[in-house]
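The exercises below are meant to be worked through with the sequence and the structure side by side. Try each task before reading its solution.

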Amino acid sequence: MQTSTTAAPHDTGAAYDIPEGRRAAGRWLIILATITLAAFALLQSLYAAGQTTYGFANWRPVLYAYLAWGVALGVGQVMIRGEGGKRALFVLPAILFTVAVVIFPTVAGLYIAFTDWNLASFEGRSFNGLANFWALMNDAYFWNALGNMVYYVLAVLVQYAIAFGLAMLLNAEIRARKFFRVAFLMPFMLSPVAVGWMVGKSLMEYRFGPAATLARLLGWENPAFFASPWIARFSIMAMDAWVWIPFVMILLLAGLQALPKEILEAAKVDGASPWRSFWQIIFPLMLPVSITAIIIRVIFQLKLADIVITVTSGGPGGATDTVSSFIFREYRDRSNVGYGTMVAEFYFILIAIFIALLLWGSSRWMKRVTG
Amino acid sequence: MAMSTKAQTGMATRSKPYAYREPPSEFASNSKRIAGRVAIYTLLLLWTFIALFPIYWTVTTSFKVAVDVTQGHLIPFVDFWPDWRGWRSIGLSPDTIFNTSTVREEFMKRFLNSAIMSIGASLLAVILGSLAAYGLVRFDYKFAIWRNRDISFFFLSQLILPPVVLAMPFLVLYKELALLDTHIGLIVVYTLMVLPIVIWIMRDQFRGIPVELEQAALVDGCSTWGAFLRIVLPISLPGMVAAFILSVVLCWNEYFFAALLTATNANTLPVMVASQTGSQGINWWSMAALSTAAIAPLAIVGIFLERYIVKGLTAGAVK
């Protein structure tokens, strides 16, 4: 729709040679589309509120109106701004998409969070102000889950250490590197739900799972992997590590392969021991990659839920609960939509602050170390 | 960026890394070197065992009968004789494959749902994400007070959004839009989930393409979009494939949204696996067969397209 009408110069984004009529038409197109969208939305919300009898069965026509509005906005941009509009077309679809599927739900979520709404009760939703928030403050299960998240996030450092070791191994001069890389990457490809069954429910099965058998051979009389709080937590961490170590390893391996060889060879010539050359050369040079890997990993770790939901459902006594699995049970088992959403929004704010601090702190620290 | 391409091509072509070769004349250092090699290979094999044993265990368990499971038999044909029992129970064994089987139909439906949604969402995300990434790399935008940096941050910040935050609002929204339990509904959610990753990968990819190529195309009379479609797109195809495959992997494995937003029509494979663990966790052979069938497509992807996954994962990480 846009490539065919190219008589304008391409080197500038200026719109000096666009006829005034075309610009006005473009402006009118956008205005009309906006009015149509607003009319659809208004009509439907009046209908939903019971003010009029005329309306649609559901909100889907409004969605179509939004899509049409998006197209009109794009066409209008090109008509008004020419080349600049065509450039905007690259980024416009993604922005409209993300805004629609993030902003609306977030606003809706904020509203839900302040309602007393249980799908299982007959009363429907009702606004209850800050009651959910105060309930949250006094909810020992939530704070317990949040405390567990601290352990799970700290476990990322252990994963990082193991992954670094594996990356060093793969980076050494070895045969069949491709085979080992594929084998090491394999756990990352598997669905956490399947892993939950494969490892958590069968391999670690108390009576005849191979892991339990092995533990008995090694002298552990009673290898119950999910019975006592700390052992259960470690079991979940081990499964999580099994899935995610390949990811960190691949990032670190790429970093290792991009290291300047001259420096490493110079260290070799100077007679530095492998241990020394690792701590004084490789590790500092790998810091940027390491920090990227750890931050990405922490971001994903904060969403940890699938394995916990499928293997322990948070037990024993909430020892393995994550915030996400806690909220999942709140939705799924108790249908407690209002409260669950409040927990989710609160957790999201905590995460946002935590990640922001992490990014800020790590960039400051990097500057101090490298510069 | 130059470094990162080097790293990737290095990984792809198995380039020799920096060798720590001791002088071969010294006998003592030679034996030390051998000890080092032994240690390296021991560790490599140990981790290979850790990484692959659960998969091996699952695949072999799908061919076991109850007594083989309880007695801890491990090696087929030696410890135990393989049996089709697990596969029969989901209707995929040789003797049941041509009969009608409700379990198999259920499984195939879920399988197809997973395939449709992960591929659909990945395609949509790659199209939207590539366009946005290209625009953000090449042009300077100014939407009100928003500039390129802000737009990029807006996209990438979606990555920290935990699924729990969006799950309930989506449930409510989809109910109003009549999109609950539909393919398109889950495709939209999954697209949102992988879009930041795609933009991240494609930004890195486009930065590696010299601007001169497009400038030459513009001089030859191509439009901006023409230059993008004819010149840039073919060059950046490997990056798109990498982003696409990584997205498929993430969507295929997604459980949270699928569990909350679907009921009977658009259920995915992970939901089916999870529901089985709840009700009949002891039915080992059929669970093993189901898990094997659920992970098989991605295991195959992992073996044959590992290069692209590595490329996708490492994009932008190594500067």
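Domain bounds, as used in the first exercise, come from an automatic or database domain assignment. The model is a predicted one, and the values in the solutions are computed from it.

**Exercise 1. Find which domains chain A is assigned, and work out how they are placed with respect to each other.**

Step 1. Begin with the bounds: the assignment for chain A gives domain 1 (20-113) and domain 2 (134-370).

Step 2. Take the centre of each domain over its C-alpha atoms, and the separation between domain 1 of chain A and domain 2 of chain A comes to 41 Å.

Step 3. Look next at where the two domains touch, where 4 residues of domain 1 of chain A are in contact with 5 residues of domain 2 of chain A. On the domain 1 side of this contact in chain A, the residues divide into 3 nonpolar, 1 polar and no charged.

**Exercise 2. Decide whether chain A is spread out or a compact globule.**

Step 1. Count the secondary structure elements of chain A, which come to 15 helices and 2 strands.

Step 2. Compare the radius of gyration of chain A, 28 Å, with the 21 Å that the globule rule gives for 371 residues; the value is well over the rule, so chain A is more spread out than a compact globule.

Step 3. Add the extent of the C-alpha trace of chain A, which spans about 80 × 65 × 40 Å along its principal axes.

Step 4. Turn to burial and contacts: buried residues make up 39% of the 371 residues in chain A, and among its contacts between residues at least 6 apart in sequence, 69% join residues at least 24 apart.

**Exercise 3. Describe the contact between chain A and chain B, saying how many residues each chain gives.**

Step 1. Count both sides, which gives 93 residues from chain A and 92 residues from chain B.

Step 2. Ask which element of chain A gives the most to the side that touches chain B, and the result is helix α3 (residues 83-113), with 18 residues.

Step 3. Sort the chain A side by class, which yields 58 nonpolar, 20 polar and 15 charged residues.

Step 4. Use B:Leu298 as a worked case from chain B, where this residue has its place in helix α14 (residues 284-304). B:Leu298 has 23 other C-beta atoms within 10 Å, and because 20 or more count as buried, B:Leu298 is buried. Leaving out residues up to four places away in sequence, B:Leu298 touches A:Met189 and A:Leu190 in chain A, as well as B:Val249 and B:Trp252 in chain B.

Step 5. Take A:Leu302 as a case from chain A, found in the loop between α12 (287-301) and α13. A:Leu302 is buried, with 22 other C-beta atoms within 10 Å. With neighbours within four places in sequence set aside, A:Leu302 is in contact with A:Met149, A:Ile351 and B:Pro162.

**Exercise 4. Follow helix α9 of chain A, and find where α9(A) bends.**

Step 1. Note the length of helix α9 (residues 229-257) of chain A, which has 29 residues and reaches 41 Å from its first C-alpha to its last, close to the 42 Å expected at 1.5 Å a residue.

Step 2. Locate the bend, which in α9(A) is about 40° at A:Trp244, with a proline, A:Pro246, following within four residues.

Step 3. Consider the surroundings: of the 29 residues of α9(A), 23 are buried, so the helix is largely enclosed by the rest of the structure.

**Exercise 5. For A:Ala176 and A:Ser313, find the phi value and state whether each residue is buried, partly exposed or exposed.**

Step 1. Recall the background, which is that most residues other than glycine have a negative phi.

Step 2. Examine A:Ala176, which is not a glycine and yet has a positive phi of about 55°. A:Ala176 lies in the loop between α5 (140-171) and α6 (177-189) of chain A, and it is exposed, with 12 other C-beta atoms within 10 Å.

Step 3. Examine A:Ser313, likewise a residue other than glycine, whose phi is positive and near 55°. A:Ser313 is found in the loop between α13 (306-311) and α14 (323-332) of chain A, and it is partly exposed, with 16 other C-beta atoms within 10 Å.

Conventions: Residues are numbered from 1 along each chain as its sequence is written. Chains are lettered from A and ligands numbered from 1 in the order in which they are written. This is a predicted model: local features need pLDDT of at least 70, side-chain atom pairs count only at pLDDT 80 or more; totals for chains, interfaces and linings use all residues. Two residues are in contact if their C-beta atoms, placed from the backbone, lie within 7 Å. Ala, Val, Leu, Ile, Met, Phe, Trp, Tyr, Cys and Pro count as nonpolar, Asp, Glu, Lys and Arg as charged, and the others, Gly among them, as polar. The radius of gyration is taken over C-alpha atoms; the globule rule is 2.2 Å times the number of residues to the power 0.38. The expected span of a helix is 1.5 Å times one less than its number of residues. The bend at a residue is the angle between axes fitted to the seven residues ending there and the seven starting there.
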